[in-house]
Amino acid sequence: MPGGGGELQVVGRPLPKVDAVAKVTGRTVYADDVVLPRTLHCKLLRSPHPHARVLAIDADGARRLPGVHAVITGADLPVAYGILPVTQDEHALEPSKVRFVGDPVAAVAAVDEETAQAALDHIVVEYEVLGPVMSIEAALRAPVDEPIQDYGGPANIHKLVGLEFGDVDEGFARAEVVREDLFFYEGNTHLPIEQHASTAAAVDGRVTLWSSTQTPHYVHRALSRVLGLPMAQIRVIATPHGGGFGGKSDPFAHEIVVCKLAMMTGRPVRCTLTREEVFYAHRGRHPVLMSVRLGATRDGAITALHMRTALDGGAYGSYGVASTFYTGALQTTTYAIPAYRFEGCRVFTNKAPCGPKRGHGTPQPRFALELALDKLAEDLGMDPVSLRQRNFTRPFTRTVNWLRITSCGLEECTRRVVEASSYHTRPRRPGHGMGFAVSSYLSGAGTAIYWNRMPHSECQVTIDRGGVTVFSGATDIGQGSDSVLATIVAEELGLQPGAIRLVTADTDLTPVDLGSYSSRVTFMAGNAVLQAARRARALLVEAVAAAMGCAPQEVVVAQGRVGDRSFEAAAALAEERLGVVSASGSYTPPDLTGPYKGAGVGPSPAYSYSAAVVEVEADPRTGVVAVQRVWLAHDVGRAINPQLVVGQVEGGVYMALGEALLEEQVYRKGLHKWPSMLEYKSLTALDMPPIETFLVETLDPEGPYGAKEAGQGPLLPVVPALASAVHDALGVWVDEVPVTPEKVLRALTDRARGGAGRVGPRTFPAIPYPACIKVAPPDAATATV
Amino acid sequence: MVNETATAGEVRVVRLRVNGELRSALAPVHATLLEVLREQLGLTGTKHGCELGECGACTVLVDGRPQLSCLALPVQVEGREITTIEGMAVGPDLHPLQRSFVETGAVQCGYCTPGMLLTAAALLEEQPHPSRAEVEAALAGNLCRCTGYVKIVDAVLLAADRAGTGRMPDGPVDGAGA
Amino acid sequence: MLRLPRFSYRRPASAREAAAMVAEDPEQTLLLAGGTDLLPKLKRRQLAARVLVDVRHLAELAGIRPGPAGAVEVGGGVTLAAAAGDRTLVGALPGYATAAGQVSSPPLREAGTIGGNLCVDTRCNYYDMGEEWRRAIGYCLKKDGVQCLVAPGSSRCWAVSSSDTAPMAIALQGVVVLVGPDGERELPVADLYRDDGIDYLAKRPHEVVARLRLPAPPGRRSAYVKLRRRGSIDFPIAGAAVALDLDGPAIVSARIVLSAVGSSPVEAVAAEAFLTGRRWDEETVLEGARLAAGPAKPLDNADGSHFWRKRMVRVVVEQALRAAAPVPAVSVAGTAGAT
């Protein structure tokens with residue numbers, strides 16, 4: 001078991017990030033800061049139509065302009081790609097059809113950005129406009145002209161899922177209370193402050209790409225496929241990130257285009273998206289319409305859950321199949337639901353494609369489930385906290401959908417926030433309210449994006465007379481993964497993190513790591529470097545033990561010393577014996593998939609847990625909700641660096657409040673309604689409430705030193721807790737995200753007119769879900785682990 | 001960049017006083033201060049997130065006051081003292097705010113950080129002992145998507161507190177690699 | 001990176017010279033002060049200019065000083081930040097200082113000017129977008145199009161006047177001093193605006209707002225309340241400027257001007273008439289606010305729906321009235337409720 005042994009020296013300490021000084025002095029080189037001599041600048045021509053056939057493109061006018069070096073169209077990049085093997089439906093430049101306003105069709109490389117931009121006006125594209133599909137409801141109807149994609153169906157349905165675990169009908173039959181509620185979660189986007197940027201250079205048949213990507217390995221694969229080059233001739237360097245949040249996890253058109261243009265022109269080519277284009281790149285939160293049917297006994301035991309989801313996927317597949325499964329996967333990791341039916345549907349619409357944003361596919365159903373539980377608690381006359389506690393998933397069990405639960409800090413997280421907020425003794429006055437919710441998230445997906453048996457994280461540690469170097473493909477997107485990896489290696493070698501040199505996220509130099517997504521880096525890359533560091537330490541220890549004439553287990557590695565000598569002397573000694581001291585490490589998650597098709601989404605080697613209380617003042621006259629304070633407890637297993645974990649919690653709470661209150665990626669007349677930072681509202685420093693964070697350490701048996709994830713989970717409970725707090729304050733339900741002042745007012749108006757005092761979806765469309773695959777739950781023998 | 005096509009616009013030599021050094025650049029008059037700093041003078045520490053004045057990432061100081069470099073013309077700031085993030089530290093010594101940002105974990109992705117730091121520096125110059133609310137108000141034009149602002153505000157208050165009590169620690173920042 | 005189009009830059013030695021430079025080719029020349037409205041609009045090709053005439057540096061546009069008859073004169077080139085923090089303004093005309101301090105965000109207030117905010121372009125979320133977006137949606141009446149996209153049947157442009165300081169300057173009966181090539185003229189701020197989203201300013205394009213004169217008779221009370229989604233950055237969803245003269249409990253004069261409810265600042269005439277001569281009490285304030293909200297007709301072209309913005313006007317007026325002068329407490333039933 002990792003993490004055994006004596007007192008930890010650096011793990012658990014709130015040390016500054018290893019890259020912080022570079023960042024505060026402006027020295028960090030982000031993608032748009034990469035400056036190569038003779039660089040050409042690339043601009044993409046994007047579709048002005050939400051849905052149209054591309055009949056002809058005449059780029060001669062652009063090619064003739066002084067300063068233009070190349071113009072390419074779909075014909076130059078004919079190979080399709082996509083992040084998931086099952087949905088290879090994108091082209092860097094769409095050759096025959098555009099599917100949303102902003103879909104790229106041509107690209108220019110010119111001597112400067114101004115010239116490239118001007119050249120776009122000289123490319124003539126002939127379109128045949130097709131009827132746009134702009135909503136889930138419209139996507140379910142027979143298309144006016146033709147479906148958006150040539151796969152999937154019927155209508156514009158992309159993916160249909162039906163799974164049933166245990167006997168759901170029996171569960172509802174024995175329920176004493178059954179209720180069904182509808183919810184809607186509007187789409188929103190990552191809005192990293194850094195706009196996506198890439199520079200490519202091609203020399204002697206080899207291409208190098210510097211890019212703000214979270215997933216250099218997947219970009220590497222996509223480039224190889226589309227450019228027709230072996231992976232060994234392509235180098236992808238993920239530059240330090242100016243914000244990811246999931247939005248830089250797909251291979252993007254501009255990344256492929258700059259490589260192609262660099263190969264064609266023999267000069268480096270750069271493309272930096274404008275803010276408006278970042279909204280079109282998107283891959284953000286899916287809008288999801290949801291139905292939650294819950295059955296329970298009078299004393300609050302859940303007997304069955306039937307969850308239906310409809311995701312508005314936008315124009316392409318992206319991570320959408322996974323997103324669809326995720327809207328049904330993690331309900332059971334917080335509640336021991338004995339019988340569970342999940343029906344999911346993703347549709348194509350003529351909008352920028354949706355994908356993974358912090359919490360990937362799970363914030364929407366979490367919002368729905370938690371509010372549904374609040375309503376059930378009201379029906380039962382139960383305290384909403386007690387109702388949840390009655391049903392909490394227990395540690396070291398297996399859920400009805402076969403997810404293996406190991407450490408689980410739900411009880412402790414709940415206790416911490418409920419006590420700290422005085423939730424049960426809160427003042428009861430109109431306009432003041434508190435809401436409570438819990439959640440859970442993965443510490444890395446148990447399966448890779450593409451099926452293979454290889455490790456998910458690989459790394460190398462070398463030690464020579466110059467010091468220690470870690471080579472890891474992991475990408476620091478601001479979350480501090482470099483610091484975590486350095487801390488783990490430092491801990492094992494008895495050094496300080498600042499002494500560890502890091503080489504990361506460069507496919508020429510670093511072993512494969514699947515990327516910074518699904519909260520996998522601390523757990524998976526962390527386990528890989530832990531293994532490598534221990535192996536390297538063993539080599540040092542062996543050398544020193546031989547010199548000291550003692551057994552290796554007598555050699556203490558701590559505080560810059562190995563046995564009787566300094567670390568440097570030990571390194572030199574080992575180098576004398578072995579040459580360079582080199583050790584590799586890798587991590588492959590255990591096979592945790594259940595015995596059914598679709599079981600690949602949901603399993604993780606460990607789940608984090610969160611609980612939140614949100615306190616609001618809600619003004620019945622304006623509908624304005626002012627968040628007073630948020631208490632959030634997060635079971636992170638072990639905080640390798642508590643300062644970084646608290647930072648992740650605070651950032652998660654911030655992003656959740658933005659989604660809960662005002663962020664909306666919405667469309668009007670076929671276009672993104674407001675692709676700007678002024679109109680797409682992101683909270684300012686003046687809008688943030690105080691946050692009280694509690695870290696709960698459950699020491700997961702498989703995490704490095706017991707650690708689990710922190711980057712995504714803490715966002716999840718905040719959104720429902722806020723909506724619940726509004727209900728507590730004003731007595732109305734806003735069953736829709738964002739909870740805008742207008743919706744609060746409409747709900748109050750509804751109540752004043754004798755209605756239910758609710759705003760939210762009123763009907764759920766008829767969706768041709770397939771017959772559910774019936775899966776027997778784990779039996780008693782496998783139900784505990 | 002001045003090149004074969006951009007020269008069609010009006011080009012001027014601009015003389016800027018940046019981080020205490022007199023720098024000159026040949027630039028089109030329609031190139032913003034942001035573009036000249038980053039592309040002509042190589043000062044890429046100044047970031048950009050919208051180029052429309054909506055995010056604050058490109059904030060620099062002009063005569064000690066925060067200005068958005070994406071909406072400033074170099075010709076308008078000739079003869080004035082421009083400070084970018086590269087000019088905040090004195091040699092290898094971090095500015096007290098840079099130090100407090102590092103220590104409190106106010107830096108995550110780091111992209112809003114230069115603008116935040118310079119804005120905070122202008123605040124502390126004017127108001128050495130701001131309240132939490134005053135810090136939040138001063139930073140309200142600089143968007144951050146990572147931190148929720150909590151540790152950024154903490155860092156500004158820590159720097160202010162240290163300046164007031166003279167409790168500035170010596171030596172390199174503990175544990176951080178440069 | 002979004003970049004500016006090409007232009008020539010001219011730096012006049014005086015406001016008169018600036019006006020003369022613009023007058024040479026008014027179609028292709030624009031005045032540049034703080035640049036916070038102009039430069040983004042040039043980048044998005046909402047505005048076009050061959051020449052920019054910079055007035056930012058002109059000494060005659062600088063400074064806040066006493067004017068005739070106890071008035072305060074604010075230079076057109078004074079930054080919003082300087083006005084918001086000016087001791088004289090904060091003391092004598094707090095509503096104005098508040099309005100200046102509520103414009104946009106801290107860094108933009110360091111650049112944006114008093115003159116610029118009086119002349120700030122009208123806004124509409126069919127217009128305040130990039131060139132490609134506007135082309136894709138088919139351009140609107142205000143720029144390059146033939147049809148208003150928020151009210152397609154309409155022959156006029158409904159872009160929204162979104163200045164925070166203009167309503168306050170009108171409520172305070174301010175006067176602008178405009179400089180043309182041949183000299184100065186004065187115009188009440190109230191007459192500076194036209195109810196048209198495109199042709200929203202009554203001043204000639206070349207005229208420079210040299211200064212704003214704000215009467216400050218002793219005892220004048222003023223307040224500005226702005227509603228927006230976030231604590232900073234945003235334009236008003238609704239704004240209410242109130243200027244009030246009280247004689248004991250009697251209202252000698254009351255002026256209420258609204259922001260963001262039409263293509264120009266909208267004076268709440270009926271409410272003003274109602275308030276004048278009445279007693280300053282709870283009932284009067286509530287009725288005044290109700291009457292003020294009457295003429296506001298927000299459209300769905302700004303942040304927040306028409307449903308919500310319409311309801312909020314009354315709230316901000318009421319808040320502004322209370323902020324201008326404390327209202328003696330009386331018990332009034334039924335003041336709560338959303339509608």
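1. Starting with chain A: an automatic or database domain assignment splits chain A into domain 1 (40-130 + 190-281), domain 2 (288-447 + 594-774) and domain 3 (454-587). The centres of domain 1 of chain A and domain 2 of chain A, taken over C-alpha atoms, are 35 Å apart. Their contact (heavy atoms within 4.5 Å) takes 29 residues from domain 1 of chain A and 28 residues from domain 2 of chain A.

2. Some ground rules before going on. This is a predicted model, where local features need pLDDT of at least 70 and side-chain atom pairs count only at pLDDT 80 or more, while totals for chains, interfaces and linings use all residues. Residues are numbered from 1 along each chain as its sequence is written, chains are lettered from A and ligands numbered from 1 in the order in which they are written, and side-chain values use heavy atoms, with hydrogens and water left out.

3. Back to that domain pair. Domain 1 of chain A and domain 2 of chain A bury about 2300 Å² between them, with 66% given by carbon and sulfur atoms; buried area here is the accessible area (1.4 Å probe) that two parts lose on being put together, summed over both. On the domain 1 side, Leu191(A), Phe245(A) and Phe279(A) lose the most area to domain 2 of chain A, together 26% of what that side buries.

4. As for charges, the rule finds 0 salt bridges across this domain interface (a side-chain nitrogen of Lys or Arg within 4 Å of a carboxyl oxygen of Asp or Glu). It does find 11 residue pairs in polar contact, both at pLDDT 80 or more; that means N or O atoms within 3.5 Å, where within protein one must be able to donate a hydrogen and the other to accept it, and residues adjacent in sequence count only if both atoms are side-chain atoms. Helix 8 (residues 275-281) of chain A gives the largest share of the domain 1 side, 5 residues; helices (H or I, at least four residues) and strands (E, at least two) are DSSP runs, numbered from the N terminus.

5. Chain A overall has 19 helices and 34 strands. Its radius of gyration (over C-alpha atoms; the globule rule is 2.2 Å times the number of residues to the power 0.38) is 27 Å, close to the 28 Å that the rule gives for 785 residues, so chain A is as compact as a globular protein of that length.

6. Now the chain B and chain C interface: 34 residues of chain B are in contact with 29 residues of chain C. The buried area is about 2600 Å², with 58% from carbon and sulfur atoms. His30(B), Leu52(B) and Leu71(B) supply 22% of what chain B buries there, more than any other three residues.

7. Across that interface the rule gives 3 salt bridges. For Glu39(B) and Arg3(C), which form a salt bridge, the closest N and O atoms are 2.8 Å apart. Chain C also pairs with chain A: Glu114(A) forms a salt bridge with Arg6(C), closest N and O atoms 2.9 Å apart. Glu114(A) sits in helix 3 (residues 113-120) of chain A and Arg6(C) in the segment before strand 1 (8-10) of chain C, so the pair joins two chains.

8. Finally, chain B is assigned domain 1 (6-87) and domain 2 (96-165), with C-alpha centres 23 Å apart. Between these domains the count is 1 salt bridge.
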